[in-house]
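Student: Could you take me through one part of this model slowly, choosing a place where two elements meet? I would also like to hear about any backbone angles that deserve a second look.

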Amino acid sequence: MAFDAFALVLAMLGLGYLFQRSRVLPDNAAQTLNLVVLYVCLPAAVLRYAPRLHLEPALLGIAAVPWLLLAATVPCVGALSRWLKFRRDEHAVLLLTVALGNTSFLGYPLTRALIGEHALPYAVIYDQFGAFLMLSTFGLWVLARYGGDQRPGAADMLRRIVRFPPLWALSIGFTVMPAEPPSWIAGGLQRLSDALLPLAMLTIGLSVKLTLPRDELKPLLSGLALKLALMPALAWALVPLLGLHGEMARTTVLESAMPPMVTAGALAIAHQLAPRLAAAMVGYGLLLSLLTLPLWAAIGTKA
């Protein structure tokens, strides 16, 4: 199953990149597909798996790990920026792309492929209460501070959070959605959630930029080392201290090893924060993660 999923990942990434280079699809194809994934496929996956999640104190440990990694990211990026004399915009890009991982579009399907279907609800917890909330709070703060925007208030952040469709799906899944819905509902949700992996990878392929910024090689290598090696290593050390074992621990380590979030890179580019570095962090991070993620999935079994 993992081999099939990775073959599909590579195929759809390559197809999306080919479409991007050949301009076969409209210029807004990636944005349109992204909305389909965000508003249809991702909520369907959440609705399918969240009702099977047994609420227990250990779930707080899963949600705590991304925030603890964020607490480590800020001083690590700050120290590297001072030591290697990174520019202010490079510092901002590393804050965004090291702190925020691709824990939904890539994290959900690869958790299912590398660990198993029963582990997907734990990935939902990590993503929704970790990466998504950090994007809506810490991410907005970084953009406001380094991108010259007006700093968002608490009401604006809350508004963005409550408008996120998968969060509504998670709320419904925890409350009124039965663990075993009628077959016509379960079948529909399965078909929609099965489209998550190919559509998400096609979207990333249409969006990713594989430019190598030679003058920004130091921040690129530093950022990828932090995101793909140090942060999952810290997560691996944290999970036993938080009482996480088995699939909970494996999922938490795997989600922490995901490459930089595409949205984080896109936001940095939109705010003119080292655009080539942001694109390279996302593009090369994704390619390298196809090698590192299976390793972290295996290492997570020892957590």
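**A helix crossing and two loop residues**

Tutor: In this predicted model, helices α6 and α12 are oblique to each other, because their axes cross at roughly 45 degrees, and an angle counts as oblique when it is neither under 35 degrees, nor over 145, nor from 65 to 115. Helix α6 covers residues 120–147 and helix α12 covers residues 246–256, and their axes come within 9 Å. The crossing of α6 and α12 is right-handed. On the α6 side, the residues that take part are Tyr122, Ala123, Tyr126 and Asp127, and they meet Glu247, Met248, Thr251, Thr252, Glu255 and Ser256 of α12. Sorted by character, the residues of this contact comprise four nonpolar, three polar and three charged.

Let us turn now to the backbone angles. Most residues other than glycine have a negative phi. Lys85, however, has a positive phi, near 60 degrees, and this residue sits in the loop that lies between α3 (58–84) and α4 (88–99). Ala274 also has a positive phi, in this case near 40 degrees, and its place is the loop between α13 (262–270) and α14 (275–299).

The surroundings of these two residues can be set side by side. Lys85 has a relative accessibility of 69%, and therefore counts as exposed, since the cut-off for exposed is over 50%. Ala274 has a relative accessible area of 2% and so is buried, as buried means under 20%.

Definitions and conventions: Residues are numbered from 1 along each chain as its sequence is written. This is a predicted model: local features need pLDDT of at least 70, side-chain atom pairs count only at pLDDT 80 or more; totals for chains, interfaces and linings use all residues. Side-chain values use heavy atoms; hydrogens and water are left out. Axes are lines fitted to C-alpha atoms, for helices over the stretch in contact, and angles run from 0 to 180 degrees between N-to-C directions. Helices (H or I, at least four residues) and strands (E, at least two) are DSSP runs, numbered from the N terminus. A crossing is left-handed if the near helix is turned anticlockwise from the far one by less than a right angle, and right-handed if clockwise. Contact means heavy atoms within 4.5 Å. Ala, Val, Leu, Ile, Met, Phe, Trp, Tyr, Cys and Pro count as nonpolar, Asp, Glu, Lys and Arg as charged, and the others, Gly among them, as polar. Buried means under 20% relative accessible area, exposed over 50%, partly exposed in between (1.4 Å probe, protein chains only).
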